[in-house]
Amino acid sequence: MVDENQVRMTGSFIASLIWTLLVSTLLFALTGCGGGGDSGGEGRIKVSVTDAPIDDAASVVVQFSGVAFKREGEAAEIVRNLSPSARQLDLLEYQEGRAALLLDNVTLPAGRYEWIRLIVDNEINVRDSYIVLTGGQECELRVPSGAESGLKLNRGFELPADGSAALTIDFDLRKSVHAPPGQQGSTPDCTQAYLLRPTLRVVDDANVGAIAGVIEGALVPEDCLPNVYVFTGSDITPDDLEEAATAGDIDPLLVAGVAIENGSTSYSYRAAFLPPGPYTVAFTCSDDDPTEDDVLTFLEPKLVTVQTNLIASADFAPPAP
C-alpha cells in the first residue's frame, strides 16, 4: 500500500472547479440555499464542459449552440440557447481542471429533471465542428445527429427551489473521436472524415476532488508517450483502453496526459473532477490504440483516495536499485 498524501486545494484551484471544467456534469442531489426539489419556484443552473486528452490531435473544435433540459412529467424540453451566439470551443484547451462555461446561472423551473443534452452545430461543408491533426491537416468532424438530437446525457438531477446547481460534462476525446474507414472528408487538405461519438462523464461540481503528481524525467525517454491511467476502485489490475472490452476488462475512468517541458527533470499531471472514493493510478509510456486490445507496460500502480475539495498525491519515480 502506497502512502497517500492529501494536499488541501489552493483557493485558485477551488475557484477553477466552481468556475470551470468542459464538454466531461449532472448530479443526483444538489444542495441549495433553501427549498427542496418540489415543482414550485425556480432555481439557477450552471453548465460547463471539460476534456480528457487525445494524442493525435492538436485541436478538437466543437460548436455548441444551446443546452436542452427535460423536466420530469413534462413532454416538452426547456431549451436555453447560448448567448449572444453559438460558441466554438477547442476542447483540448480545457484539461487538468480547466473548463468552459456554457450556461451561467440560467433560470429554470425547480424540480426533477430526467436528462440534459448539448445542441451541437454540425453542417456539411461548414466550418463549425472540426479537428486539426498534429501534422496540421484540418479535417471535418461529424457529430451524428448532433444538430437534431444533440449529445444526450441520460442521467437525472434535481434543481432545488430558490437554490442552484453547478454541472460539468467531461468529454473523453480519447474514447470519442473515430476515423472510420471509407468516411470521406470534404476539407481541402483532408480526405478523411472524423466522427465524434462522445463518451461523456457527468459530475457535481460541489462534490469532486482531484489527483495530481510528478513523473521523474528518467521514466520518460525520448520515445515515450507518457500517460497516467486512473481507474475507479482499489483492487484493480491496470489495463488498456479499448472500445470493445471483453469480459473482465476494466477501462480507466480517464487518462491524464503528462505535461512535457524541455529542460525539466520531472513532469506533472492532474486528473480533475473526480467523485470521492478510492482510485488506482498507473503510469505508462506505451502507445494505446483504443480500437485494439493492446498489452501495455505499467509501473507499479499507486492507490489513492479522493476526498471532496482535496488533491490526492501520486508521484512516480524509478524503482530503487
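Pro84 is found in the loop between β4 (77-81) and β5 (87-90). The peptide bond that leads into Pro84 from Ser83 is cis, with omega near 0°. Both statements describe a predicted model. In this model the protein chain has 2 helices and 24 strands, and 52% of its 321 residues count as buried.

**Overall surface**

- The accessible surface of the protein chain is about 14,600 Å².
- Carbon and sulfur atoms account for 48% of that surface.

**Backbone features**

- Most peptide bonds are trans, and most residues other than glycine have a negative phi.
- The bond from Ser83 to Pro84 is cis.
- Asn105 has a phi near 55°, which is a positive value in a residue other than glycine.
- Asn105 belongs to strand β6, which covers residues 100-109.
- Asn105 has a relative accessibility of 43%, so it counts as partly exposed, because the partly exposed class lies between 20% and 50%.
- Phe273 also has a positive phi, near 55°, and is a residue other than glycine.
- The strand that holds Phe273 is β21, residues 266-274.
- Phe273 has a relative accessibility of 2% and therefore counts as buried, since buried means under 20%.

**The disulfide**

- A search of the whole structure finds 1 disulfide.
- This disulfide joins Cys224 to Cys285, with an S to S distance of 1.9 Å.
- The pair links distant parts of the chain, as Cys224 and Cys285 are 61 residues apart.
- Cys224 sits in the loop between β18 (209-216) and β19 (227-232), while Cys285 sits in the loop between β22 (277-284) and β23 (302-306).
- The link of Cys224 and Cys285 is left-handed, with -90° about the S-S bond.
- Cys224 counts as buried because its relative accessibility is 10%.
- Cys285 has a relative accessibility of 23%, so this cysteine counts as partly exposed.

**Salt bridges**

- The structure holds 6 salt bridges, and three of them are described here, beginning with the one between Glu114 and Lys70.
- In the salt bridge of Glu114 with Lys70, the closest N and O atoms are 3.4 Å apart.
- This pair links distant parts of the chain: Glu114 is in strand β7 (residues 111-121) and Lys70 is in strand β3, 44 residues apart.
- Glu114 is partly exposed because its relative accessible area is 33%, whereas Lys70 counts as buried at 10% relative accessibility.
- Arg117 forms a salt bridge with Glu77, and the closest N and O atoms of this pair are 2.6 Å apart.
- Arg117 and Glu77 also link distant parts of the chain, with Arg117 in strand β7 and Glu77 in strand β4, 40 residues apart.
- Arg117 has a relative accessible area of 11% and is therefore buried, while Glu77 has 28% and is therefore partly exposed.
- Arg142 and Glu140 meet through their side chains in a salt bridge, at 3.3 Å from N to O.
- Glu140 is buried, with a relative accessible area of 7%.

**A patch of negative charge**

- Asp56, Asp287, Asp289, Glu292 and Asp293 gather on the surface in a patch of negative charge.
- One of these residues, Asp56, lies in the loop between β2 (42-52) and β3 (57-71).
- Asp56 has a relative accessibility of 57%, so it counts as exposed, because exposed means over 50%.

**A contact between separated residues**

- Leu133 lies in strand β8, which covers residues 130-133.
- Leu133 has a relative accessible area of 15% and is therefore buried.
- Leu133 and Ala57 are 76 residues apart along the chain, and their C-alpha atoms are separated by 4.2 Å.

Terms used:
Residues numbered from 1 in each chain as written. Predicted model: local features only at pLDDT ≥ 70, side-chain atom pairs only at ≥ 80, totals over all residues. Heavy atoms only, no water. Disulfide = S-S within 2.5 Å. Helix = DSSP H or I, 4+ residues; strand = E, 2+ residues; numbered from the N terminus. Buried < 20%, exposed > 50% of the residue type's maximum accessible area, 1.4 Å probe, protein only. Patch = residues over 30% accessible without salt bridge, like charges linked within 9 Å, V, L, I, M, F, W, Y side chains within 5 Å. Areas by Shrake-Rupley, 256 points an atom, 1.4 Å probe, with all protein chains shown as cover. Salt bridge = Lys/Arg side-chain N within 4 Å of Asp/Glu carboxyl O. Lys, Arg positive; Asp, Glu negative; His and termini not counted. Charge placed at Lys NZ, Arg CZ, Asp CG, Glu CD.
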